[in-house]
Amino acid sequence: MTLKESLWDPVAGFGVTFRTMFRKVVTEQYPFEKQPTAPRFHGRHQLNRWPDGLEKCIGCELCAWACPADAIYVEGASNSPDERFSPGERYGRVYQINYLRCILCGLCIEACPTRALTMTNEYELADDNRADLIYEKSDLLAPLLPGMEQPPHAMRLSDDEGDYYRGTYANPQFAADFAARRAEGAGASE
Ligand code: SF4
Ligand code: SF4
């Protein structure tokens, strides 16, 4: 054994250890201390609402067709004058996302024509059984903000669903009141 092998190599072998000992610790104490994600982090999905509480989802299934992992299941149904869940003809009667399959790629939210589907920053999606990782519509729907009504109910912002999609509400006072509530810190639905 040479002098280098007997004296220097053992010291060199601990080189990384010695260098790291004096650096700032970067270990995160998750789950006791949770770090905020990047603002555009792809987390759990959310089904959004219009300012009057109606659902933005029209049950078109475009998100399901766009999904490369076959993680979304949608069944649309027709609104009726007595039971309306969204503006226009159709709404999503059944909406499921299977988080055992989802790779959080975001292609589904790109496909959605009404911005009904967006993604939150929520990333704690682990569970101890398979059934609870299939999220139902009730798990994904955005909460009702102050002033919103739980569907089914009539269209409050306009009689024309096109006004909803264009943001040109025939009832501008409702929209203004809603914007004011948001500004007061009620939170955003999308
Ligand atoms: S994020 Fe990607 S994998 Fe997940 S449901 Fe949407 S399209 Fe499918
Ligand atoms: S979330 Fe969007 S794309 Fe998916 S069914 Fe509803 S409206 Fe269509």
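**Figure 1. Cys-102 and the residues it touches in the predicted model.** Not counting residues up to four places away in sequence, Cys-102 touches Ala-69, Ala-71 and Ile-97, where contact means that two C-beta atoms, placed from the backbone, lie within 7 Å. Cys-102 lies in the loop between β3 and α4 (107-111); helices (H or I, at least four residues) and strands (E, at least two) are DSSP runs, numbered from the N terminus. Cys-102 is buried, because 20 other C-beta atoms lie within 10 Å, and a residue counts as buried with 20 or more such atoms within 10 Å of its own C-beta atom, as exposed with 12 or fewer, and as partly exposed in between, C-beta atoms being placed from the backbone. This is a predicted model, in which local features need pLDDT of at least 70 and side-chain atom pairs count only at pLDDT 80 or more, whereas totals for chains, interfaces and linings use all residues. Residues are numbered from 1 along each chain as its sequence is written, while chains are lettered from A and ligands numbered from 1 in the order in which they are written.

**Figure 2. Cys-67 and the annotated binding site.** An unreviewed UniProt entry places the feature "binding site" at Cys-67, Cys-102, Cys-105 and Cys-108; its positions are given in the numbering used here, feature names are shortened, and annotations may be inferred rather than shown by experiment. These residues span 42 residues in sequence, yet no two of their C-alpha atoms are more than 10.4 Å apart, so they gather at one spot. Cys-67 is placed in the loop between α3 (62-66) and β2, and Cys-67 counts as buried, with 20 C-beta neighbours inside 10 Å. Apart from neighbours within four places in sequence, Cys-67 is in contact with Ile-72, Leu-107 and Cys-108.

**Figure 3. The shells around ligand 1 and ligand 2.** Around ligand 1 there are 13 residues, of which Cys-67, Ala-69, Cys-102, Cys-105 and Cys-108 come nearest; a residue is near a molecule if its C-beta atom, placed from the backbone, lies within 6 Å of it. The shell of ligand 1 has 12 nonpolar residues, one polar residue and no charged residues, with Ala, Val, Leu, Ile, Met, Phe, Trp, Tyr, Cys and Pro counted as nonpolar, Asp, Glu, Lys and Arg as charged, and the others, Gly among them, as polar. Of the 14 residues around ligand 2, those that come nearest are Cys-57, Cys-60, Cys-63, Cys-112 and Leu-117, and this shell divides into 10 nonpolar, three polar and one charged.

**Figure 4. The largest nonpolar core, with Leu-47.** The largest nonpolar core has 23 residues, and Leu-47, Cys-57 and Ile-72 have the most contacts inside it; such a core is a set of buried Ala, Val, Leu, Ile, Met, Phe, Trp, Tyr and Cys residues joined through C-beta atoms within 7 Å. The elements that give two or more residues to this core are β2 (72-78) and β3 (90-98), with β3 giving the most, three residues. Beyond its neighbours within four places in sequence, Leu-47 has contacts that include Glu-55, Cys-57, Tyr-95, Ala-116 and Leu-117.

**Figure 5. Ala-176 in helix α7.** Ala-176 is found in helix α7 (residues 172-186) and counts as exposed, with 11 C-beta neighbours inside 10 Å. From C-alpha to C-alpha, Ala-176 and Phe-14 are 65 Å apart in space, and they are 162 residues apart in sequence.
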